[in-house]
Amino acid sequence: MSLDEVKEKLRHKIRGWCAYFKYAHYTAWQQDTDMWIRRRIRQLLWTTWKKVRTRKRALLQLGCDEETAHKWANTRKGAWRVAHSQILSTKLTNGILKKNGWCWLGMHRVNGMGR
């Protein structure tokens, strides 16, 4: 499945969740779920960068310095752990994810009520 298909499927599911829970007050659950969704997106992106040089190039494009990019591109940690690491949390920010078309629950809720 391509990344665009994954984005569209996620957008469709989130829209459905927001429609189903539009009158509910679930802010704590929403925040926890949003954190999990964003971490899962970061994990997905990390696993699509399969080779070390691809990961290093991607980290350099995100504004990482050469030494740190080399260190993290060669890490032996798993994708889920790297997705929660300081490097991806600070370089692959929520703004960048939003700009690239990713979505999560908080983007579809307005003042505790769904659209």
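Leaving aside its neighbours within four places in sequence, with which residues is Ile14 in contact? In this predicted model, the residues that Ile14 touches in this way are Ile37, Cys103, Trp104, Leu105 and His108. To place that answer in its setting, the description begins with the chain as a whole and then returns to helix H1.

The protein chain contains seven helices and two strands. Followed along the sequence, these elements appear in the pattern α-α-α-α-α-α-α-β-β. Along the principal axes, the C-alpha atoms of the chain fill a box of roughly 50 × 30 × 25 Å. The chain has 115 residues, and 33% of them count as buried. Its accessible surface comes to about 7,700 Å², and carbon and sulfur atoms account for 53% of that surface. The chain carries 25 positive and 8 negative charges, and the mean positions of these two sets lie 3 Å apart. When contacts between residues at least 6 apart in sequence are considered, 69% of them join residues at least 24 apart.

The interior may be taken next. The largest nonpolar core has 23 residues, and those that touch the most other members are Leu45, Trp46, Trp49, Leu59, Leu88 and Leu97. Two or more residues of this core come from each of the following elements: helix H1 (3-20), helix H2 (27-48), helix H3 (52-61), helix H4 (66-73), helix H5 (79-83) and helix H6 (86-91). The greatest contribution is that of H2, which gives four residues.

One of the core residues named above, Leu59, leads to helix H3. Apart from neighbours within four places in sequence, Leu59 is in contact with Trp46, Cys64, Ala69, Trp72, Ala73, Ile87 and Leu88. Within H3, the residues Arg55, Ala58 and Leu59 are buried. These three lie on the same side of H3, because they cover an arc of only 100° around the axis. The cover over the buried residues of H3 includes H2, H4 and H6. On the face of H3 turned away from the buried side are the exposed residues Arg53 and Gln61. Just after H3, Gly63 takes a positive phi of about 100°.

Helix H1 offers three further residues for inspection. The first to be considered is Lys7, which has its place in this helix. Is Lys7 buried or exposed? Lys7 counts as buried, because its relative accessibility is 15% and the cut-off for a buried residue is under 20%. Although Lys7 and Trp102 are 95 residues apart in sequence, their C-alpha atoms are 6.0 Å apart in space. Trp102 is also among the contacts of Lys7 once neighbours within four places in sequence are set aside; the others are Asn100 and Gly101.

Ile14, the subject of the opening question, is likewise found in helix H1. Ile14 is buried, with a relative accessible area of 0%. Leu105, which is one of its contacts, stands 91 residues away in sequence, yet the C-alpha atoms of Ile14 and Leu105 are 6.1 Å apart.

Lys13 is also found in helix H1. With a relative accessible area of 48%, Lys13 is partly exposed. Its C-alpha atom and that of Leu105 are separated by 9.8 Å, and the two residues are 92 residues apart along the chain.

A last residue belongs to another helix. Lys99 is found in helix H7, which spans residues 94-99. Is Lys99 buried or exposed? Lys99 is exposed, because its relative accessible area is 70% and exposure is counted over 50%. Lys99 and Lys50 are 49 residues apart along the chain, and a distance of 23 Å separates their C-alpha atoms.

Methods
Residues numbered from 1 in each chain as written. Predicted model: local features only at pLDDT ≥ 70, side-chain atom pairs only at ≥ 80, totals over all residues. Heavy atoms only, no water. Buried < 20%, exposed > 50% of the residue type's maximum accessible area, 1.4 Å probe, protein only. Contact = heavy atoms within 4.5 Å. Areas by Shrake-Rupley, 256 points an atom, 1.4 Å probe, with all protein chains shown as cover. Lys, Arg positive; Asp, Glu negative; His and termini not counted. Charge placed at Lys NZ, Arg CZ, Asp CG, Glu CD. Core = buried A, V, L, I, M, F, W, Y, C linked by side-chain atoms within 4.5 Å. Arc of directions from axis to C-beta.
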